[in-house]
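This report covers one protein chain, from its overall make-up to its nonpolar cores and a patch on its surface.

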Amino acid sequence: MFCDSSFVFATMGKMPVFRFVWAAWQLILLLLWNDPKVSGTIMTRLQVTKGVYSKVTVRVDDMEQPVDCEDFLSKLEVLLNETSHGLYELTENQSYIASIEVHLPKSWNQHQCQSRTRKVRFSQFVSNPDISVGTQSLFGSWPSQPWTEQPGACGQSGLRVHIPMRFISTLEPFNAQSDLHTRGQSLLREWCKYRYGVFPESGVLHGGDRMYPHVYNEGNVTLVNAGCEREEPFCPLGKPYNRRAPTKQNLLCHELSAMETILNHEDFKMNVTANHSVPYRSPEISFYLPKSSKYTIVLERTSVMDINGRWTNIKRAFFRFLQHLPLGSEVSIITFGKEATLNLPPTVVTDVNREGLHGRIPRKVLPEDLACVFCAVNMSYNNLRRDSSDRTDSGTVILVTGSPRRPQLLEQLVNVAAGSAVKVFPIIYPGTAYPEIVKLAANAKHYAVPEDEAVSSLTYLSEVLFDILHVAEGLEIQKIHETKHLSYEFAGTFTLEEEMLHHMSVTMSIDDEEKVEFFEITNPSGKKHLFSKFEDGMVVFNHPGLAQSGIWTYHAKLYPTSGLPNDQILVDVVSQSNNAEANPTLLEVFTNIDHMEADVYKTPCIIYARLTQGGQMPVINARITVRVFLPDALPSNVVHLTLRDDGSAYPDITANDGIYSAYFTEFASVPGFYSIEATATHNEGQARTIKQQMGSKPTVLPNSTTVEEDFRNPENCCGSHVEFVETLPTSPFHRQTVGTGFYIKQGISPRTDIAAPSRILDFRVSRIINDSLYVELEWSAPGGDFDKGKADKYEIRCYTNREALTNEQSFKEMGILVHDSFTPKPVAFGQRQTCTVGVPWPNEIFFYAIIASDKTGNQSPISNIISVYIPEKTSSSTELPPQLASDDLNQVNQQPLSEYDEYGSMSNAERERRSQQIKVYIIIGVISGLLLLILLVIFIVLIRVRTKKAEYDADERDTYKAYEPAVPTKSVMLPDVVESKSVTQTAKALSNWLDSLPRSEGSPNTTAHDLSIEGGTLKRPHNNYALSKTNPYRHKVLTNGSFLNLKDCGGSHSSHGDDSSRPTTSTEDSNPGSSQNSESGESRQSILKRSNTTSSSSKVIDTSTARAIIDTYSGNLFTRGSDQYASYRGYSNPPLSSGLFVTTPPTNPALEIDQDSLEPHINQKYPHAIPAPVLNGEPGENLFILPRNSLMRTRTESVV
């Protein structure tokens, strides 16, 4: 016997010295048994010290031994070593795997699998390995790729990594190093998912995933959904990373890359510096075969166990447990009060002594309250270590306690349990036990037995012990039927499946077995089994060997005089799988807060159930319900939940993976332990199992090339769901089990709402309404309390900058709120909802996000962010293609990944590189701007120079000397030009005719003298009538459509014939300060007038000379009218307003011109000229009208 350590230290001064020395020696042995420096990971033996992992467990599932076992294990060693080295490179020399334990099936031959360098030893069965090697694959008959079971959120560890056996057996490590590297990277990616809780950084290629598509739209651009161009196995640090892509990693990890999530994991927080590196060592790999299990049953026997029939329930439950222990197992029994007593020393279980083992449990409790947990657990450790030849020895401790006192030296006990292969299963019964006792279950599970009217404590405790057999021994044992009765005679049926026929046991539980008259079982063939066993409140029928599959019946009858029992009579059936080749349907239950005192204000509680066939292949579309028993033990404190496998991400990460989940939000008003019981059924025939996965290949072994290509092009599993091509209906089944209990350290008032609506993660644009600024948005409704009930209202906001919607503060302050009238009222969780909203304006990308609120104001996290772009509709008949909806994204051709987003947490190196690029862009922009400015200045200078030159040329053209031929001809003589009456009269006649033309409103008075002859040159006064763009007179002349007034062409004349001059048409602007602008495109007219001149000396002008005069004048006096000339086309003289005028000189003896030769020339040059009417009765004035469409364009400065 071992005394209580608390008593030892409390009475140390009074006790004999030898007892103190004996207690200290026990403690030293306990601490030396295992190294307590490193704590283990929950439910596994894996340990980590500053990023270096040890005791990584690999379990090869029960399967047929390979023909060459030694070769298979050699390939496995090479693959694990490659994975460890890949982890070392991935984490920048911060992490690797130091030691690995490989556990082989019991049926494999030890001598055939070991070699000179590999020794196979014996150890306990491992129920929760880190890596599992099996014959099946999640991808059905495609045996290529490993995968990871990931029920948890970002940063949380998964259940395990699964490796198909052919992933190892087809490896040729010495012939194809690239193949080894590829497979090592594939296994490394799955290890990171399992350990660090990361997800794929790219969309799902096949299946049209609604949440994580292969391509997505950002505005009017379609992009490939990937964080980077290539993952090896993840997007590397220091390179561009697209945080906007809706990948599973970005959405679940709040836009952190996988590498950022890995390096932020708690495994690396103990590293001294960020650049902490360790030298690499190849992992030490050990191989083990399972040996017969050792069990130590440790039962508290204090007076607390005498309440509510607890001790009776303990004895009955362990009776059933001992009936199902495998033959050859070793069991011992310890009971304790303030001292520990060994009631049954380690004993091997046989068919002969099995029933007698139960008799070693004491029938009564002790009359004391003090419980020495340390004494009992320490004795159990010593029993397991007895006759152990090495430190790898292991065993299972089942501890039942309800003591509310804190055990002494609890930390040391916890460290021993965590650092060894011993599995400690604490069972809290009743729920008043000290909460931290559950820390002993570092490598196992802990349970809390409820005391509630809705459940039998005996039934629940029995299910706990069956679950321990499954976890510790690997037995595929489940309760497959349970019914309750309360009558003197009753009957029922249950179904035995093909895969669950071994060691079938039917038990009827009643308060007094002597009330039962008979209890008989009938198999599907009609044979009756009448010999049931009556034992301590139970009637049990055990079927030896394999039972017959099909529908069984049972029939029971009570003595009429015995009276009905106080509680309902319970009939349940428990059975095991047939053999290693069987694939029975198995149910497991666990939570995300199993091994902690949870603070539900910080960590929401999630309950999971895993339903599989053969422990690997998922069973989908089943119905799984959970009962949660609250600690205050009131009849109403039982919460019923229905778990889902829908892939909504909150909480279920992936649909169709066989892992069902739901939030638990209804807490008790007092702290305490919560108990879980789950039931799974075939859901009235809707449950299905997997035949093969999409893209599967024949089960025959493909050639090496096909296998290599298969590994080089892995399909990243999985998106929001696992896609299966074909499924098969399951046979009818019923499974019932219990899960790990959990402890909530605070009571929650029923009036306190601590659960917000769940996050919406499938927010999307369903369609764009044609020819409008309206779009239809779609999402799945969240619950009011996470995934339960319904929310109270939605809030949708948009903004042109995506970053404004990424956090709650900017979402409220900057986001443009969509009016409440557009948003629908929330409906129940999971239902599809839509709404139509307006985009503020076209031709710009708007980003949208949504949140939900409940009635108390709790708000959900911000949803995934989507973009909307509506182009402005053009007048062209060709319409722009509509924006692609998410369902059609998989139909779009792949496009190169666009420039990555730079918002968010970019590395320092990337920021520096982008900063340098921006500086270069700024310098180039400044230089380009300066060059453009210089070119603009040069262009302006050239324009000014050209303008000045044009003005100078125009001034030169305004004055012409009289044409004097070099050799006078005999037919025409050129006289001196003098002012004569003939000229004056002709000018007056023309001026009078021009004045009679219709004018536009505001036309100037053209009767004034506009021309003068100075120095033998006919000129217009420049200071008043220059025809520049700013001259008001030019403006008016052009507006009213008239032309230069030649009236009163008087002036000085020269008596010298050489100085004779003719009228000019200058456009020089001598008044630049004029501010009045002329209309562009004013109608303009030109007139060519030939005046009669007289001279004292007659000169003959020949035909060529006359033609030269006409050519000279026509270039300056004729121009095409503009469109604005129509300003006076509506007046009464259409013939006169439809063209320009040309004059020919009258017959004049003083100026002998060959009229016959001149007029054909005019007609040739102006073929559309027509004679004009006689002006002012001047018969000698010959005028021609030139139509507008016949005139040729001339220089603007020559327009009169």
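The text below goes from the chain as a whole to its interior and then to its surface.

The structure is a predicted model. The chain has 1200 residues, and 55% of them are buried. Its secondary structure comes to 22 helices and 56 strands. Of the contacts between residues at least 6 apart in sequence, 78% join residues at least 24 apart. The accessible surface of the chain is about 52,800 Å², and carbon and sulfur atoms account for 52% of that area.

In soluble globular proteins, nonpolar side chains tend to be buried together. Two nonpolar cores of this chain are set out here.

| Core | Residues in the core | Some members |
|---|---|---|
| Largest nonpolar core | 46 residues | Tyr53, Leu80, Val102, Leu104, Trp108, Tyr196 and Ile262 among them |
| Another core, apart from the largest | 43 residues | Leu325, Tyr460, Leu465 and Val471 among them |

The members named for the largest core are those that touch the most other members. Helix 3 (residues 69-90) gives this core its largest share, eight residues. Which residues does Val102 touch, leaving out those up to four places away in sequence? They are Val58, Val60, Leu76, Leu80, Ile285, Ser286, Phe287 and Tyr288.

Nonpolar side chains also occur on the outside of the chain. Leu933, Leu936, Val937, Phe939, Ile940, Val941, Ile943 and Val945 form a nonpolar patch on the surface. Together these residues have about 730 Å² of accessible area. One of them, Leu933, lies in helix 16, which covers residues 908-957.

Technical notes. Residues are numbered from 1 along each chain as its sequence is written. This is a predicted model: local features need pLDDT of at least 70, side-chain atom pairs count only at pLDDT 80 or more; totals for chains, interfaces and linings use all residues. Side-chain values use heavy atoms; hydrogens and water are left out. Patches are made of residues with over 30% relative accessible area and no salt bridge: like charges are joined within 9 Å, nonpolar side chains (Val, Leu, Ile, Met, Phe, Trp, Tyr) within 5 Å. Accessible areas come from the Shrake-Rupley method with a 1.4 Å probe; for residues, only the protein chains shown count as cover. A salt bridge is a side-chain nitrogen of Lys or Arg within 4 Å of a carboxyl oxygen of Asp or Glu. Helices (H or I, at least four residues) and strands (E, at least two) are DSSP runs, numbered from the N terminus. Buried means under 20% relative accessible area, exposed over 50%, partly exposed in between (1.4 Å probe, protein chains only). Contact means heavy atoms within 4.5 Å. A nonpolar core is a set of buried Ala, Val, Leu, Ile, Met, Phe, Trp, Tyr and Cys residues joined through side-chain atoms within 4.5 Å.
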